[in-house]
Amino acid sequence: MNQIDLLNTTCPTLEEARKEMSRLLEERPSNYSLPQPLYNDPHMFRIDMEEVFQKEWLFVGMTSEIPAKGDYFTVEIGQNPVLVVRDADGDVQAFHNTCRHRGSRICQEHRGKVANLICPYHKWAYDLKGNLLFAGTEMGDAFDMKQHGLKKAHTKVGGGFIFICLAKEEPEGDFDDFLKTMDEYMEPYDVENTKLAVESNMYEQANWKLVIENNRECYHCHGGNHPELLNTLLEWDDTNDPRAPQEFLDQYARQSAEWEAENIPHERRDHGNNRNRVVRMPLQEGKKVMTLDGESGCKKMLGRIKNPHLGSMRILHLPNSWNHMQSDHFIVFRVLPISAQESIVTTKWFVHKDAVEGVDYDVERLRLVWDATNDQDRVLGEENQLGINSVGYEPGPYSETFEFGVINFLDWYSDTVQKNLKD
């Protein structure tokens with residue numbers, strides 16, 4: 001069965017689709033783009049949701065978004081609504097946002113603050129640890145409230161980043177090692193004393209893998225695609241990047257010596273077969289942060305940071321996040337699938353919690369570069385999707401020099417899906 005035939009089959013069984021997914025991944029050349037169904041077929045998308053987004057660790061937000069008891073935000077993982085809340089002990093909890101009575105969503109707003117979690121349908125009430133507090137006398141004397149608490153999602157925190165997993169059991173691997181690295185590398189930023197300055201949500205009519213692929217290379221950055229971003233960004237991934245010129249290596253040596261003098265971590269750390277990576281890279285010479293002119297975005301620097309020239313600490317977490325940590329603000333990105341050909345990209349900008357909007361920072365100035373870049377990437381991704389949908393599409397080769405990050409991502413994706421399909 002070829003790619004187009006698979007798309008034209010009428011309602012294959014899930015087992016047939018899983019076997020076809022496994023075959024396509026086993027037979028694919030690792031340095032080529034994926035077969036067409038893996039980018040646009042609804043049956044393959046369902047498998048992505050089941051084997052990746054319902055089994056792997058996902059980035060959902062930052063601890064400083066829920067600074068106090070009862071603060072919460074919600075997120076949709078496909079058809080799985082989840083709420084993330086700060087409990088009375090100060091811990092971060094994540095629950096399936098579905099009442100144990102009739103299944104209605106409990107928290108319907110994107111953000112809020114509550115004393116308890118109360119379902120608006122029939123007023124069942126839960127405490128901030130998910131325990132059922134009230135179900136009404138209508139349930140009868142034999143009803144056991146202890147058996148009807150909210151269902152939890154696995155939750156871990158590292159360096160102020162909140163990760164959840166919807167699987168029954170936590171996935172195996174070295175994720176805790178990555179979290180330790182996050183704690184170490186994020187320490188200078190003091191995330192608990194930051195606040196969300198602004199958030200954007202962008203719908204992109206492209207498969208989630210195309211969104212990530214686009215992020216994992218800067219081959220496309222030149223030629224007018226990202227003029228705002230290239231005012232400050234240096235595209236080299238690290239000092240071992242084969243494209244990096246000596247001028248860049250010399251700049252990195254100078255700036256890394258300054259970072260070390262202030263005990264600012266910078267060396268590349270990798271975890272989990274290219275899945276998780278942290279590295280600090282300089283921006284263009286003389287540029288402080290990723291604003292249009294490279295000058296400060298906020299007058300108050302973060303945490304214990306004194307040097308405005310920290311470059312950008314880049315954090316990658318597959319399958320759904322990349323991030324840029326800078327001296328006076330940081331930016332986090334989250335990608336979540338909606339359908340086989342639609343994704344949502346959420347971007348959040350954080351500043352010092354004492355920074356005053358209109359005095360210490362201007363929201364429009366803060367977000368200009370990435371608003372422009374996100375929209376430019378949206379157009380590229382949507383055009384990529386439209387071309388892939390053609391009967392003329394067949395997988396094409398990646399440049400091992402310029403697109404090695406894409407190859408690494410798809411290798412991780414292929415290995416992860418094949419492993420989870422066998423479990």
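## Contacts around R367

Contact here means heavy atoms within 4.5 Å. With that in mind, we can start at R367 in this predicted model. Setting aside neighbours within four places in sequence, R367 is in contact with V198, E199, S200 and W349. The residue itself sits in helix α8, which spans residues 363-388. Is R367 buried or exposed? Its relative accessibility is 17%, so R367 counts as buried, because the cut-off for that class is under 20%.

## Domains and their interface

Let us step back to the whole chain. The domain assignment gives domain 1 as 5-56 + 411-422, domain 2 as 58-170 and domain 3 as 192-389. Domain 1 is thus written as two segments, 5-56 and 411-422. From the UniProt record, an unreviewed entry, comes the listing "domain: Rieske" for residues 57-164. Over residues 57-164 the chain is 0% helix and 40% strand, and the C-alpha atoms at the two ends are 6 Å apart.

How do domain 1 and domain 3 meet? Their C-alpha centres lie 30 Å apart, and 16 residues of domain 1 are in contact with 21 residues of domain 3. Between them the two domains bury about 1,500 Å², with 66% of that area on carbon and sulfur atoms. Which residues of domain 1 lose the most area to domain 3? They are Y39, F53 and W412, which together make up 48% of what the domain 1 side buries.

## Nonpolar cores

The largest nonpolar core holds 72 residues, and those with the most contacts inside it are M21, I77, V84 and Y413. Helix α9, residues 404-422, gives the most to this core, with 8 residues. Another core lies apart from it, with 34 residues, among them C165, Y185, Y189 and Y252.

I77 is a good place to look at the packing in detail. Leaving aside neighbours within four places in sequence, I77 is in contact with M49, F53, L58, V82, I164, L166 and L336. One of these partners, F53, also appears among the domain 1 residues that lose the most area to domain 3.

## The strands around β16

Strand β16 covers residues 330-339, and 8 of its 10 residues are buried. On one pairing, 5 bridges join β15 (residues 321-325) to β16 in the antiparallel sense, and H324 stands opposite I331. A hairpin of 4 residues links β15 to β16. On another pairing, 9 bridges join β16 to β17 (residues 342-352), again antiparallel, and F330 stands opposite F350. This second hairpin has 2 residues between β16 and β17.

If you are following side chains along these strands, one general point helps: in a regular strand they alternate between the two faces of the sheet.

Just ahead of β15 comes a backbone detail worth a look. The peptide bond from L318 to P319 is cis, with omega near 20°. P319 is placed in the loop between β14 (312-317) and β15.

## A three-stranded open sheet

A further sheet is open and has 3 strands in the order β6-β7-β8, with antiparallel pairing. Its edge strands are β6 (117-118) and β8 (132-134), each of which pairs on one side only. Strand β7, residues 125-126, pairs with β8 over 2 bridges. In that pairing, Y126 stands opposite L132.

The loops next to these strands hold two residues of interest. K123 is placed in the loop between β6 and β7, and has a positive phi of about 70° although it is not a glycine. At 48% relative accessibility, K123 counts as partly exposed. T137 is placed in the loop between β8 and β9 (154-158). Its relative accessible area is 76%, so T137 is exposed, because that class begins over 50%. How far apart are the C-alpha atoms of T137 and L366? They are separated by 53 Å, with the two positions 229 residues apart along the chain.

## Another positive phi

D190 is a second residue other than glycine with a positive phi, here near 50°. The loop that holds D190 runs between α5 (175-186) and β11 (194-204). With a relative accessibility of 32%, D190 counts as partly exposed.

Technical notes
Residues are numbered from 1 along each chain as its sequence is written. This is a predicted model: local features need pLDDT of at least 70, side-chain atom pairs count only at pLDDT 80 or more; totals for chains, interfaces and linings use all residues. Side-chain values use heavy atoms; hydrogens and water are left out. A nonpolar core is a set of buried Ala, Val, Leu, Ile, Met, Phe, Trp, Tyr and Cys residues joined through side-chain atoms within 4.5 Å. Buried means under 20% relative accessible area, exposed over 50%, partly exposed in between (1.4 Å probe, protein chains only). UniProt positions are given in the numbering used here, feature names are shortened, and annotations may be inferred rather than shown by experiment. Two strands pair if DSSP finds at least two bridges between them. Domain bounds come from an automatic or database domain assignment. Buried area is the accessible area (1.4 Å probe) that two parts lose on being put together, summed over both.
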